[in-house]
Amino acid sequence: MQVKTQIDELQNYLIDASNLQGGHADKLFIPQTTAEIAEIIKEANEKNVPVTVSGARTGLVGGCVPFGGYLISLEKFNQIKEIGDGKAIAQAGVLLTDFQKETEAKGFFYPPDPTEWSCQLGGTVATNASGSRSFKYGSTRRYVQRLEIVTPTGDVLNIRRGEIFSDKDGFIEITNDSGKTIRAKIPTYLQPDVRKNTSGYFSAEKVDAIDLFIGSEGTLGVITEIEFNLLPKPKGFLSGIVFFKNESDLLNFVAEARKISFETRQIRNPQSAIQNDLDATLLEYFDENALSFIKGKFPETPENMAGAVFFEQETTDETEDA
C-alpha cells in the first residue's frame, strides 16, 4: 500500500470534474486489498479522522474532493475477476469503458450506459448511475447482485441480493464478516415512480439490504467488489434522429412510442429476440436550442425545427428492415 503526504503528490487527487476548489488532505492512501482499506478505516474511526473515497474523479458535484483527513484512492482495485454464465465479478476501481469492452468481447451486454465511460464501477454503483438506455434497461441497481463493502467502522460486509430484507416494522439487520450485527431503520419516504432516480437512500415497503448501499453516494461504506448480472449481447442496434416542425407532434410521438414500447415488453420477455414491434431502448429529446448548438458540427441539421427525438432499438438481421 502506498501512502503519500507531500502536497505535490496529492494535487491530482484534490479535484474532480466539478472544478471545486480548496481541496486538501492529510494523507493519501492507495491500497491494493480490502484488508488494507479496513485497516485505514479502523484507524480513522479511532482517531475521529474524516475519510474521502476517490475513484476516477469524473463527478460533477465535488463528492470525491477532500477537505482534510484521509483520502483513499481505489485506482489499484482494477481487476475484472470473472465474466461468464451471464455474470461478471469486478473490483470497484475498474473503468466502465474497460468493463464494457471485456463483456462485449465475451458475448455479453452490460446495459447501464452513463454518459461518462471513464468512471469507475464503484462510482456507478455508489450513484446508481444510469443513462439514456435506462428507458428500457433501467439503472445500475437492476444489475447488481452482490457487493463487498468496508463499513465506516472498518468491518467487511458481503451482501447478496435476495438474502436480507427489512422487517414489517421497517428495521433491517445485517451481519458482517466478523459476526457483528448492524441494525438500522430504513427510510420511510416514497420513491418517485420514474425510470431514473438517484435521489436519497432507496426506500420501499420491503427493502433488500443491497439496495441501501446502491446509490448511497459512499456514505454507508467503501464498495470494493461488485458482482453484476449481464444480458446476452444484442445482434445489433438501429438508431436515428427524427426532426419535428411542431412541438406537439414531437410530444405525441414520444407518448405513443413509450406506450407501445411498454406494451411490447408486457406481452413478451424483453430479453427474447426482437420481433417487429416498436420497443425503444432510448428516446432522447433535443429542443430547438440543442439543435442550434449541434448545427455547427452537423450542418445537415434541418432549419426551423421545433425539436428532435433520438431513438434506438435492438434489431436482428431478420427484423432490421421492418
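**Salt bridges in a predicted model**

Colleague: What makes Lys259 and Glu263 a salt bridge?

Modeller: This is a predicted model, and in it the closest N and O atoms of Lys259 and Glu263 are 2.8 Å apart. The cut-off is within 4 Å, so the pair counts as a salt bridge.

Colleague: Where do Lys259 and Glu263 lie?

Modeller: Both sit in helix H7 (residues 247–267), four residues apart, which is about one turn of the helix.

Colleague: Why is Glu263 called partly exposed?

Modeller: Its relative accessible area is 37%. Buried needs under 20% and exposed needs over 50%, so Glu263 falls in between.

Colleague: OK, next pair. How do you know that Arg183 and Glu173 form a salt bridge?

Modeller: Their side chains meet at 3.3 Å, N to O. That is within 4 Å, so the name fits. Arg183 is in strand S11 (residues 181–185) and Glu173 in strand S10 (residues 171–175), so this pair ties together parts 10 residues apart in sequence.

Colleague: Are Arg183 and Glu173 buried or partly exposed?

Modeller: Arg183 has 48% relative accessibility, so it is partly exposed, because exposed starts over 50%. Glu173, at 43%, is partly exposed too.

Colleague: And what makes Glu314 and Lys136 a salt bridge?

Modeller: The closest N and O atoms are 3.5 Å apart, so they pass the 4 Å cut-off. This pair links distant parts of the chain, with Glu314 in strand S16 (residues 307–315) and Lys136 in helix H5 (residues 134–137), 178 residues apart. Glu314 and Lys136 are both buried.

Colleague: How many salt bridges does a search of the whole structure find?

Modeller: It finds 17.

Note on methods
Residues are numbered from 1 along each chain as its sequence is written. This is a predicted model: local features need pLDDT of at least 70, side-chain atom pairs count only at pLDDT 80 or more; totals for chains, interfaces and linings use all residues. Side-chain values use heavy atoms; hydrogens and water are left out. Helices (H or I, at least four residues) and strands (E, at least two) are DSSP runs, numbered from the N terminus. Buried means under 20% relative accessible area, exposed over 50%, partly exposed in between (1.4 Å probe, protein chains only).
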